Amino acid sequence: MTNDRFYTIFLSSFLLFCNSPLNAQSTVDTDFWVTFLSNGTVDTLSLIATGNDSCTGIVSNPNTGWTSSFSVNPESVTKIYIPTWVANDAEASGTVINKALHITTTDSISLYAANYRLHAFDVTNVLPTPLLGSDYIVQTHTDKSEFSVIATEDSTTITINLSVNSSAYTANTPFTITLNKGQCYQLQSGIGVDYSGTTISANDNKKIAVFAGNRCASIPHVCCCDHLVEQMMPISLWGNEFIVSPTMLRTNDRVRITAMNDGCMVRKNGVLLTTLSARQIFEFEITDTTSAVYIETSEPVGVFLYFTSSVYGGGYGDPSMVI
């Protein structure tokens, strides 16, 4: 997927959170944490900053001493290119790595992270530190799924409960890791494995950032696969009412819903679709003939929109993931 094509789709697609605590807060701020998931042999890692006012900022890796400064002009886009060795380790699965970046600015900005290689490209919004929480439920997709957890404080003990078996851990058998500020724990799966429904919690209400997705997923299993990534919202920001719009210039999209609690009734345009247990996933399809759909649930959920593979979804571009 080309850069221009991707940004057109990325900026024109949306999920509108209609009745969520996020409404009372803002993704615009002066303090952020980010890392980059594996995307094969990466060509370019970058941060994208925008703001209403002029400001300056610093990107730093607190555990290696690497820093870079940047400036933002009003109502313009600033790209900050990140050396791959600073914030990406494609093969580091099941280990603690010093690959987190801390971004601070002198005035409020919106921040995005872009992970590009030829034919595999995705972007995620970066949540500001005040919006981070201590409890998450991961959403990925089938095939080569992955996630990374960042600690924002020293001595952060994190409990992970996988939804499926990994090479080192058993599903539904929690294990713990301890991270210091700016450290990451990254876990990757093999072919055909989906980490959706995995829970991640930090001790003592310490704030952590969680990024999840896939190294290269086909949705469905036709050509072609693409890198998927989104920063996970803490479950404290999940909601009960959503409007989901089909994306532009596509024939088919997929919607995935993840339940926080048992007995979660899911309705689309007033019609009951299913009742989910805690951590359970439900997926349905919308097409280019579908108007925006209204989703209402009896328990808080996370809702994710997936662009499908080019052969299935029509037109240019391969899978992408939007929360």
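Of the 323 residues in the chain, 55% are buried in this predicted model. The exposed surface of the chain amounts to about 12400 Å², and carbon and sulfur atoms account for 50% of that area. Secondary structure consists of three helices and 24 strands. The radius of gyration is 18 Å, close to the 20 Å given by the globule rule for 323 residues, so the chain is as compact as a globular protein of that length. Along the principal axes, the C-alpha atoms occupy a box of roughly 55 × 45 × 40 Å.

Contacts were also examined by their separation in sequence. Among those between residues at least 6 apart, 76% connect residues at least 24 apart. Charged side chains comprise 15 positive and 28 negative groups, and the centres of these two sets are separated by 5 Å.

Strand E8 spans residues 101–117 and pairs with several other strands. With strand E2 (residues 29–34), E8 forms five bridges in the antiparallel sense; within this pairing, aspartate 29 lies opposite isoleucine 109 of E8. Strand E3 (residues 44–50) is likewise antiparallel to E8 and is joined to it by seven bridges, with leucine 47 facing alanine 113 of E8 as its opposite residue. A further antiparallel pairing, over four bridges, links E8 to strand E4 (residues 55–60). Here serine 60 stands opposite histidine 102 in E8.

On the C-terminal side in sequence, E8 is followed by strand E9 (residues 120–125), and six bridges join the two in antiparallel orientation. Asparagine 115 has aspartate 122 in E9 as its bridge partner. E8 and E9 form a hairpin with two residues between the strands. In this hairpin, histidine 119 adopts a positive phi near 70°. In a regular strand, side chains alternate between the two faces of the sheet.

A separate antiparallel pairing involves strands E16 (residues 208–217) and E17, which share five bridges. Alanine 212 is placed opposite glutamate 230 in E17. Strand E17 covers residues 226–231, and six of its six residues are buried, so the strand is largely enclosed by the rest of the structure.

Two individual positions were considered in terms of accessibility and spatial neighbours. Serine 320 belongs to strand E24 (residues 320–322). The relative accessibility of serine 320 is 0%, and the residue therefore counts as buried, the cut-off being under 20%. Serine 320 and alanine 217 are 103 residues apart in sequence, and their C-alpha atoms are 9.0 Å apart in space. Alanine 217 falls within the residue range of strand E16 (residues 208–217).

Aspartate 89, by contrast, is located in a loop, between helix H2 (84–87) and strand E7 (95–97). Its relative accessibility of 28% places aspartate 89 in the partly exposed class, because this value is neither under 20% nor over 50%. With neighbours within four places in sequence left aside, aspartate 89 is in contact with Ile97, Lys99 and Gln186. The C-alpha atom of aspartate 89 is 12 Å from that of glutamate 146, a residue 57 positions away along the chain.

Technical notes:
Residues are numbered from 1 along each chain as its sequence is written. This is a predicted model: local features need pLDDT of at least 70, side-chain atom pairs count only at pLDDT 80 or more; totals for chains, interfaces and linings use all residues. Side-chain values use heavy atoms; hydrogens and water are left out. The radius of gyration is taken over C-alpha atoms; the globule rule is 2.2 Å times the number of residues to the power 0.38. Buried means under 20% relative accessible area, exposed over 50%, partly exposed in between (1.4 Å probe, protein chains only). Contact means heavy atoms within 4.5 Å. Accessible areas come from the Shrake-Rupley method with a 1.4 Å probe; for residues, only the protein chains shown count as cover. Lys and Arg count as positive and Asp and Glu as negative; His and the chain ends are not counted. The place of a charge is taken as NZ of Lys, CZ of Arg, CG of Asp or CD of Glu. Two strands pair if DSSP finds at least two bridges between them.
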